[in-house]
Amino acid sequence: MRVGAEVKEAPVEKAKQKSESDLPWSVIVHNDPVNLMSYVTLIFRKVFGFPREKAERHMMEVHQKGRSVVWAGGREQAEFYVQQLHAHLLLATIERLD
Amino acid sequence: MEFYETTEGRLGLRDIPPVLADLLRQIPHSGDRDSDEVEERFFPRPSDDPDEEDLRDDWRAHVEPELHGIFQSARVVVEADLRGMKEEEDVYALEFSRGHADSWLNALNQARLALVTQHRFSEEELSSPRPALIRNERDLALLQLTLYEYIQHWLVEVLEP
């Protein structure tokens with residue numbers, strides 16, 4: 001998703017950026033009072049391919065705790081998933097994993 | 001009002017009372033879509049991290065226009081299906097392709113989010129029993145939300161893998 005700049009960078013800077021983008025990132029889904037629980041479960045199954053039990057577990061976590069880490073991995077893929085979730089009107093963000 | 005699925009893969013609603021038919025026709029236009037609050041809810045930030053300003057800028061420039069397109073296309077599909085709603089004596093009937101179910105779910109969600117944001121319904125109001133009398137625009141919006149929720153529940157069941 002990120003648009004690459006045309007400016008040439010020093011190799012050290014480039015290596016630093018690469019290692020930062022390789023750090024694990026998480027996709028967080030946040031609670032909102034409008035989306036139906038059954039709808040959220042369906043979207044988790046559709047976007048992440050979760051089996052029903054796993055999708056329901058994350059949906060319940062969102063509902064009860066206000067947020068759930070639904071996926072962790074590379075940054076680009078995390079951004080892609082957030083975009084997919086936004087397309088279904090779910091509240092989602094990416095966060096760096098500590 | 002009754003929901004049904006045909007063996008040819010079409011989904012339908014029949015015996016729709018006129019008042020509910022009117023509310024169905026409002027799906028693509030419900031809520032004040034131009035308000036900043038609705039805009040903010042439809043296009044949330046991908047990150048709240050203060051160091052992620054670049055990501056937010058990229059998102060506004062590249063992702064939001066795509067999301068606009070997705071949301072609009074869902075509404076267009078639903079609006080076209082709604083034009084096919086037929087009057088049968090005192091009630092209405094509507095049938096659409098099962099392939100449109102995703103667009104319906106999306107358009108219904110847009111309508112519900114826009115109505116809730118516009119009328120500032122609290123979580124408590126949304127989970128309370130609906131008013132028995134429709135006295136004002138707010139009560140009508142709650143009725144709309146109930147109808148749209150009902151249809152969404154049915155569509156989720158239909159789409160369950």
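User: Which residue in strand 4 of chain B is the bridge partner of B:Lys86?

Analyst: A heads-up: this is a predicted model, where local features need pLDDT of at least 70, side-chain atom pairs count only at pLDDT 80 or more, and totals for chains, interfaces and linings use all residues. Residues are numbered from 1 along each chain as its sequence is written, chains are lettered from A and ligands numbered from 1 in the order written, and side-chain values use heavy atoms, leaving out hydrogens and water. Strands here are DSSP runs (E, at least two residues), numbered from the N terminus. Opposite B:Lys86, the partner in strand 4 of chain B is B:Ala93.

User: What is the order of the strands in the open sheet of chain B?

Analyst: Strands count as paired if DSSP finds at least two bridges between them. Strand 1 (2-5) and strand 3 (86-88) of chain B each have a single partner strand, so they stand at the edges. The pairing is antiparallel, and the order of the four strands is 1-2-4-3.

User: How many bridges pair strand 2 of chain B with strand 4 of chain B?

Analyst: One facing pair is B:Leu11 with B:Phe96, the latter in strand 4 of chain B. These two strands pair in the antiparallel sense, and the number of bridges is five.

User: Which residue takes a positive phi in the hairpin of strand 3 and strand 4 of chain B?

Analyst: Strand 3 and strand 4 (residues 91-97) of chain B run antiparallel, joined by three bridges. Two residues lie between the strands in this hairpin, and the one with a positive phi near 55° is B:Glu89.
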